[in-house]
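Visitor: Please take one part of this model and go through it closely. I would like the local backbone and its surroundings treated first, and any open space in the protein after that.

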Amino acid sequence: MRIISGQYKGRRITAPKKLPVRPTTDMAKESLFNILNNQYYFDDISVLDLFAGTGNISYEFASRGTEQITAVDENFGCIKFINETSDSFEMNISTIKSDVFKFLEKTQQQHSIIFADPPYDFPTEEFAKIPSLVFQNKLLEDDGLLVVEHSKHTDLSHLDHYSHSKSYGGNMFSFFK
């Protein structure tokens with residue numbers, strides 16, 4: 001995986017093979033950030049990266065100037081890798097080792113953008129918990145955005161606060177406002 005744009009543009013990051021992850025493809029990530037770039041000044045926002053995995057999305061935000069980034073994952077190896085990588089690049093990424101759903105139930109901090117990349121094989125009910133907890137607990141700032149990455153075989157359009165989806169190959173991003 002590589003960083004697409006910003007201060008660390010072109011830098012390659014190689015995650016250990018033993019991590020249980022599926023990083024967002026470069027093509028999908030570039031398309032997502034083109035959309036977000038038209039709506040936000042990255043240096044003025046706070047980001048919550050759920051199911052952070054390798055930290056791929058967090059690094060992209062940091063490279064583009066975002067200072068307030070929190071990455072949440074329940075896998076210790078993923079959290080350790082994100083900490084090591086962000087330290088080596090001198091990025092300001094806070095990590096939390098936690099089950100994402102328990103974290104969403106307890107946190108009170110609001111964010112401009114919440115990005116969630118749960119396992120593609122999640123049942124629809126598990127996907128539905130993400131926007132439900134985010135909006136129920138008021139975790140988005142005014143004009144905030146929740147982006148959920150999922151397989152093109154998963155349909156989230158029936159969920160509350162759903163806005164639209166964009167498809168990139170086998171990846172889809174559903175946007176919630």
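Guide: A residue counts as exposed when its relative accessible area is over 50%. The model is predicted, and the part to begin with is strand 5, which covers residues 140–151. Within strand 5 lies D143, whose phi is positive, at about 65°, although D143 is not a glycine. The relative accessible area of D143 is 72%, over the 50% cut-off, so D143 is exposed.

A residue to set beside D143 is E90, another non-glycine with a positive phi, here about 55°. E90 sits in a loop, with helix 3 (76–88) on one side and strand 3 (93–97) on the other. E90 counts as exposed because its relative accessibility is 72%, above the cut-off of 50%.

From the backbone, on to the open space. The largest pocket has a volume of about 440 Å³. Its lining is made up of 26 residues, and those closest to the pocket centre are P20, F51, D73, D117 and P119. Three elements each give two or more residues to this lining: strand 1 (46–50), helix 2 (56–63) and helix 4 (100–106). Sorted by class, the lining of the largest pocket holds 14 nonpolar residues, along with six polar and six charged ones. Under that scheme Pro and Phe count as nonpolar and Asp as charged, so among the residues closest to the centre P20, F51 and P119 are nonpolar, while D73 and D117 are charged.

Technical notes:
Residues numbered from 1 in each chain as written. Predicted model: local features only at pLDDT ≥ 70, side-chain atom pairs only at ≥ 80, totals over all residues. Heavy atoms only, no water. 1 Å grid on protein atoms, 1.4 Å probe; cavity = no way out; pocket = protein on both sides within 12 Å on 5 of 7 lines; lining within 4 Å. Points joined across faces, edges and corners; volume = space filled by probe spheres on them. Helix = DSSP H or I, 4+ residues; strand = E, 2+ residues; numbered from the N terminus. Buried < 20%, exposed > 50% of the residue type's maximum accessible area, 1.4 Å probe, protein only.
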